Amino acid sequence: MSAAVFCTATVLIFVWIARFVHKWRNPKCNGLLPPGSMGWPLLGETLQFFSPTSTFDINPFVKDRMKRYGPIFRTSLVGQPLIVSADSDLNYFIFQQEGQLFESWYPKTFTEIFGKQNVGSLHGFMYKYLKNMVLTLFGPEGLKKMLPDVEQASNTYLKRWSTQNYVELKDATSSLIFDLTAKKLISYDPIKSSESLRKHFAAFIEGLISFPLNIPGTAYHKCLEGRKKAMKVLKDMLQERRTNPGRQQSDFFDYVLQELGKEDTVLTEAIALDLMFVLLFASYETTSIALTLAIKLLLEHPLALKELTEEHEEIIRERENPDSSLTWREFKSMTFTFQVINETVRLANIAPGIFRKAREDINFKGYTIPAGWAIMACPPVVHLDPARYEDPLEYNPWRWKGLDMNGATRSFMAFGGGMRFCIGADFAKLQMAVFLHCFVTKYMCKAISGGDILRTPGLQFPNGFNAQISKKDESVGVQI
Ligand code: HEM
Ligand SMILES: *[C@@H]1O[C@H](CO)[C@@H](O)[C@H](O)[C@H]1NC(C)=O
């Protein structure tokens, strides 16, 4: 190759790179793009976004940029141009415009992992259809039927834990919640089943937020394998149910089979299995994190624990027969318990971001969000806003007392908002309230080690949370 050709080629490559970088930094927009930086080409600001912190506070990634650019700014994460919204009016607008100006969107690695047709990414008719299916299970009537099951499972697990030297609470509550949900959805019995569905899920979740490199040995590979194995268990179970119908207790599988049998159905087996997987996942990670954090915060705040215990002891005192099981009315009377739950999920910010995509150019407060861009609404900014919650980093369940929650979606979005409000919110609250009832009335708990939190930006317990659980000894009268 002659020197001249070599030089020309080098110059062309540089020009091409420079143009690429320039285009990357200055995306096209028919209007005023919100301020911000697109970070490195391709990588964007992904690394900054995922860098870990160990407080409940707003992700420094968001906090710093809010200071620099204001509450609406642009960035790029996992190869996707993105508008971050820390603006409560825009958040509200996003929820109201669901399915119109905005649609549900999750990073591509997520959709690949979860299946292409999960609830999160389905639109229109199919979405409403699936939602109705799920609501029959987790709606008010379904929950009333579930109350005794949740109480029984909580008692069984607590009794088991109290015979052990200590338990790791995140893992322990995960297995309780998973078994409960799996039982409701597919009558999954962990004792009778040879294949451990939960193990496959654990492998799946460990690699969920990892670099998407699919070769043996990587966390991402284990994640995909975990999903594959879990899907196989679900598929086999559905197949077995097909050949062996006629059990008395009906669950979600029966419902699915019934639907699949209809002539004009839009449901396919693949969609049903993806949906099952998403539901098991949604309950496995979220509720167990909330419950673990609830226990940690109660142990750190004896006054709150005392008031909670009194509320539940009062419920039992009011009964004719103290050993009778929880009623729906008793469940509804747990006022302070629901304050504790609200305060826990406010601080937990289990969903650090809620993602959408703009269907067309959207003008808002002088800025233009170009069609095709992703938008991330930030619940932590709302939940830790001192104008809405005094001393926002303080754990204070009493702040909810008599709180006027008019315009709740503007001040509280732990379960999302608008049309895509969490289907499992009431189910999660029921599980937590009933578990706490069984816990504080019959058991004592002592933290042993761990319990530190880490945000990446999802909430994690990096070294677990070990605690000793023992039966309350009435004769000595020791309180937790
Ligand atoms: C403390 C526990 C939980 C928290 C904090 C939580 C949080 C959320 C949030 C923030 C959303 C909105 C996502 C969006 O708008 O894109 C959501 C949606 C959803 N959640 Fe939950 N969730 C919890 C428990 C559960 C449980 C137990 C289930 C299932 C049994 C569940 C099933 C779902 C489903 C299916 C959706 C999608 C709804 C839709 O797209 O219309 N969640 N959840
Ligand atoms: C918890 O928050 C929800 C949603 O904002 C609200 O409707 C409810 O009243 C709160 N519960 C308590 C006990 O404050």
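Visitor: Is arginine 241 buried or exposed, and how should its relative accessible area be read?

Guide: A residue counts as buried when its relative accessible area is under 20%. Arginine 241 has a value of 8%, so it is buried. Please bear in mind that this is a predicted model.

Visitor: Where does arginine 241 sit, and which side chain does its own side chain contact?

Guide: The residue belongs to helix α10, which covers residues 219-243. For a polar contact, the criterion is a pair of N or O atoms within 3.5 Å. Here the side chains of arginine 241 and aspartate 254 are joined by such a contact at 3.0 Å.

Visitor: How is the packing of helix α8 against helix α12 to be described?

Guide: The description of two packed helices rests on the angle between their axes and on the distance between those axes. For α8 (residues 169-186) and α12 (residues 269-300), the angle is about 145 degrees and the axes are 8 Å apart. The crossing of α8 past α12 is right-handed.

Visitor: Which residues form this contact, and how do they divide by class?

Guide: On the α8 side, the residues include Leu169, Ile177, Phe178 and Leu185; on the α12 side, they include Met276, Leu280, Tyr284 and Ile295. By class, the contact comprises 13 nonpolar, seven polar and two charged residues. Lys170 in α8 and Glu285 in α12 are among the participants.

Visitor: Which protein donor does the iron atom of ligand 1 have?

Guide: An N, O or S atom is taken as a donor when it lies within 2.8 Å of the metal. The only protein donor here is Cys422, through SG, at 2.3 Å. Cysteine 422 is located in the loop between α17 (408-411) and α18 (425-442).

Visitor: Which backbone features deserve inspection in the loops?

Guide: One is a cis peptide bond, which runs from threonine 456 to proline 457 with omega near -10 degrees. Proline 457 lies in the loop between β10 (454-455) and β11 (459-460). Another is a positive phi of about 45 degrees at asparagine 349, although this residue is not a glycine. Lysine 365, not a glycine either, has a positive phi of about 45 degrees.

Visitor: Where are asparagine 349 and lysine 365, and is each buried or exposed?

Guide: Asparagine 349 is in the loop between α15 (335-348) and β5 (354-358); its relative accessibility is 2%, so it counts as buried. Lysine 365 is in the loop between β6 (362-364) and β7 (367-369). With a relative accessible area of 49%, lysine 365 is partly exposed.

Notes
Residues are numbered from 1 along each chain as its sequence is written. Chains are lettered from A and ligands numbered from 1 in the order in which they are written. This is a predicted model: local features need pLDDT of at least 70, side-chain atom pairs count only at pLDDT 80 or more; totals for chains, interfaces and linings use all residues. Side-chain values use heavy atoms; hydrogens and water are left out. Axes are lines fitted to C-alpha atoms, for helices over the stretch in contact, and angles run from 0 to 180 degrees between N-to-C directions. Helices (H or I, at least four residues) and strands (E, at least two) are DSSP runs, numbered from the N terminus. A crossing is left-handed if the near helix is turned anticlockwise from the far one by less than a right angle, and right-handed if clockwise. Contact means heavy atoms within 4.5 Å. Ala, Val, Leu, Ile, Met, Phe, Trp, Tyr, Cys and Pro count as nonpolar, Asp, Glu, Lys and Arg as charged, and the others, Gly among them, as polar. Donors are N, O and S atoms within 2.8 Å of the metal (3.2 Å for Na, K and Ca); water is not among the atoms, so sites may look incomplete. Buried means under 20% relative accessible area, exposed over 50%, partly exposed in between (1.4 Å probe, protein chains only). A polar contact is a pair of N or O atoms within 3.5 Å; within protein, one must be able to donate a hydrogen and the other to accept it, and residues adjacent in sequence count only if both atoms are side-chain atoms.
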